[in-house]
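Subject: Structure for you to look at

Hi,

Here is the structure I promised to pass on. Have a look at it first, and then read on for my notes.

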Amino acid sequence: MGGVGVPICVQCGNASNPCRCKVVGPTLGFLAFAAAALVEWPVGALVYMFRHSKGRRIMGHPATVIYPSVINSIPI
């Protein structure tokens, strides 16, 4: 009986904190990315049929805006 766990993301080698590793920011960033992607990718696919560049921007929004803004706002 296996359960689904929360993904733990670790980013090492940065200078934003004394221990030089981030765990909370990348993990919350991944969860925010996944939540936004669940909504934005189907909408982007629908828009893509009519306006290709707009649909691509909508589908890329979680990776280009959501994830970086969350991981950069949490220093640990």
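A cut-off to start with: a residue counts as exposed when its relative accessible area is over 50%, as buried when that value is under 20%, and as partly exposed in between. Keep in mind too that this is a predicted model.

With that cut-off, Ile 8 is exposed, because its relative accessible area is 62%. You'll find Ile 8 in the segment before strand E1, which covers 11–12. Ile 8 also belongs to a nonpolar patch on the surface, together with Val 10, Val 23, Val 24, Leu 28, Phe 30, Leu 31 and Ile 76. Those residues have about 680 Å² of accessible area together.

Next door in the sequence there's Pro 7, also in the segment before E1. Pro 7 has a relative accessibility of 31%, so it counts as partly exposed. Which residues does Pro 7 touch, once its neighbours within four places in sequence are left aside? The contacts are Thr 27, Phe 30 and Leu 31, and both Phe 30 and Leu 31 are members of the nonpolar patch. For another distance in that area, Pro 7 and Pro 26 sit 19 residues apart in sequence, with 9.9 Å between their C-alpha atoms.

Now the chain as a whole. There are two helices and two strands, and along the sequence they come in the order β-β-α-α. The radius of gyration is 15 Å, while the globule rule gives 11 Å for 76 residues, so the chain is more spread out than a compact globule. The C-alpha trace spans about 50 × 40 × 15 Å along its principal axes.

A few totals you may want: buried residues are 21% of the 76 in the chain. Of the contacts with a separation of 6 or more, 46% are between residues 24 or more positions apart. The accessible surface of the chain is about 5300 Å², and carbon and sulfur atoms account for 71% of that.

Last, the aromatics. How many aromatic pairs does the structure hold? Just one: Phe 33 with Trp 41, in an edge-to-face arrangement, with 5.9 Å centre to centre and 80° between the planes. Trp 41 itself is partly exposed, since its relative accessible area is 39%.

That's what I have for now. Shout if anything is unclear.

Cheers

Notes. Residues are numbered from 1 along each chain as its sequence is written. This is a predicted model: local features need pLDDT of at least 70, side-chain atom pairs count only at pLDDT 80 or more; totals for chains, interfaces and linings use all residues. Side-chain values use heavy atoms; hydrogens and water are left out. Helices (H or I, at least four residues) and strands (E, at least two) are DSSP runs, numbered from the N terminus. The radius of gyration is taken over C-alpha atoms; the globule rule is 2.2 Å times the number of residues to the power 0.38. Buried means under 20% relative accessible area, exposed over 50%, partly exposed in between (1.4 Å probe, protein chains only). Contact means heavy atoms within 4.5 Å. Accessible areas come from the Shrake-Rupley method with a 1.4 Å probe; for residues, only the protein chains shown count as cover. Rings of Phe, Tyr and Trp (its six-membered ring) pair if their centres lie within 6.5 Å; planes under 30 degrees apart count as stacked, over 60 as edge-to-face and the rest as tilted. Patches are made of residues with over 30% relative accessible area and no salt bridge: like charges are joined within 9 Å, nonpolar side chains (Val, Leu, Ile, Met, Phe, Trp, Tyr) within 5 Å. A salt bridge is a side-chain nitrogen of Lys or Arg within 4 Å of a carboxyl oxygen of Asp or Glu.
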